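Please look over the sequence and the model below before reading on. The report then goes through a few places in turn.

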Amino acid sequence: MARALGVVPLLALLVGCGTVVAGNAVPVPNPTFPEPPAPTAERLLRDLESVDPCGQVEPADVAAFGEASVGPVESFDYCLIKLTAGGVVLDVTAGGLDRVAHEAVLDGPVVPYRQGLRIAEITGGSVQCQRGLVFADLVVLNVSVNNNSSDDVDAARLCEVADVVVRAVADRVLAGEVEHRQFAAKSLGPVHACRGLSDATVARLPGLAGAKAWPYPAGHQCRWSADGTTTPPRVRVLHSVGTPTEPNGGNSKAEDIAGRPTVVSGLDTSSYVLCGAETTHIPFDGGLRELALVTVALPTGATVEDACAAVRIVAAEVWAGLPR
């Protein structure tokens, strides 16, 4: 009897498993995972105007090629590393942001890297190699290695350095290692360069009727041109950092524009004429100054005087809107 009673729970379990339950079976869906967010510059770099480019690159990144150190600050937008390789000093810059309409304009193959970021292997020359870190929103972070000396360096060597740097920058960006500046009161850093000049004023300049503003992602530069490219005629407004230009009485002269001391400089080349105006703003770290600059480039056939007349019109409007 004891043995028979012990069978009952098993029989009851088997019978229970055979019970028919009324209703329709509900399919269990396959587990789904949301798509990862697109690797846009805004998501990975966050506040673009305050990104400190020297937080994305370090001298140690290129130590295998020679002795390296951080160079003087020359811009809100890029960081300069001085690399001495084989007795030649190379300028390694990283951080400048641009935006392209499509990848084809990058003039070189664009290859996948990691987590949706891509690297543009931009065609260079014998004294420069460029790479671009391409985000999903077609913002491009630029890396450039330049040989500004009279000594020869193998172009392939320049690109080896550029490849190492752009990958180091990409890895830091993906790891969230992005540093931001804290701008001083009245700084030009958070002032969008496009807001200081109206399209109507640009339209008064030679060959620029109908030109529209082309903003750069960090807002420190803005460009106007007839066809949207960098081809003259064009106007550029730039907020930067550096050592103020000293007038030399020749092609750089001191003037007063809109009540601000200004240095106006002209240049005549074989393919265009250029005139720029620069005014000094508030102090920056290391004894440097913030600078506001405007340039006007006109095609061959125009004169430097034509370009400088245009640049004075632009500077008067831009200077009037600078923080006081």
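What follows describes two helices, two single residues and the empty spaces of this model.

This is a predicted model, in which local features need pLDDT of at least 70 and side-chain atom pairs count only at pLDDT 80 or more, while totals for chains, interfaces and linings use all residues. Residues are numbered from 1 along each chain as its sequence is written, and side-chain values use heavy atoms, with hydrogens and water left out.

**Two helices**

Helices (H or I, at least four residues) and strands (E, at least two) are DSSP runs, numbered from the N terminus. The expected span of a helix is 1.5 Å times one less than its number of residues, and the table sets this span beside the distance between the end C-alpha atoms.

| Helix | Residues | Expected span | End C-alpha atoms apart |
|---|---|---|---|
| α4 | 155-174 (20 residues) | 28 Å | 29 Å |
| α6 | 304-320 (17 residues) | 24 Å | 24 Å |

In α6, the buried residues (buried means under 20% relative accessible area, exposed over 50%, and partly exposed in between, with a 1.4 Å probe and protein chains only) are Val304, Ala307, Cys308, Ala310, Val311, Val314, Ala315, Val318 and Trp319. Because these residues cover an arc of only 160° around the axis, they are on the same side of α6; the arc is that of the directions from the helix axis to the C-beta atoms. An α-helix has 3.6 residues a turn, so residues three or four places apart point the same way. On the other side of α6, Glu305 and Ala320 are exposed. The strands against which the buried residues of α6 pack are β10 (234-242), β11 (252-257), β12 (260-268), β13 (272-283) and β14 (289-299), where contact means heavy atoms within 4.5 Å.

The buried residues of α4 include Leu158, Val161, Ala162, Val165 and Arg172, and the buried residues of this helix pack against α3, β2 (79-85), β3, β5 (118-122), β6 and β7. After α4 comes Gly176, whose phi is positive, near 80°.

**Two single residues**

Ser240 lies in strand β10, and it counts as buried because its relative accessibility is 7%. The side chain of Ser240 reaches the backbone oxygen of Glu74 at 3.3 Å. Leaving aside neighbours within four places in sequence, Ser240 is in contact with several residues, among them Glu74, Phe76, Arg289 and Leu293.

Is Cys54 buried, partly exposed or exposed? Cys54 is placed in the loop between α3 (41-45) and β1 (67-70), and because its relative accessibility is 30%, Cys54 counts as partly exposed. Apart from neighbours within four places in sequence, Cys54 is in contact with Val70 and Cys79.

**Empty spaces**

Rolling a probe the size of a water molecule over the atoms shows where empty space is left. On a 1 Å grid over the protein atoms alone, a cavity is a set of points where a 1.4 Å probe fits but cannot get out, whereas a pocket is an open set with protein on both sides within 12 Å along at least five of seven lines, and lining residues have an atom within 4 Å of a point. Grid points are joined across faces, edges and corners, and a volume is the space filled by probe spheres set on the points.

The largest pocket has a volume of about 960 Å³. Its lining consists of 39 residues, of which Leu97, Asp98, Gln130, Asn142 and Tyr216 lie nearest its centre, and β3 gives the most to this lining, with 6 residues. The structure also holds 2 cavities of 30 Å³ or more, and the largest cavity has a volume of about 70 Å³. Among the residues that line the largest cavity are Leu48, Phe76, Gly95, Leu97 and His220.

Methods:
A polar contact is a pair of N or O atoms within 3.5 Å; within protein, one must be able to donate a hydrogen and the other to accept it, and residues adjacent in sequence count only if both atoms are side-chain atoms.
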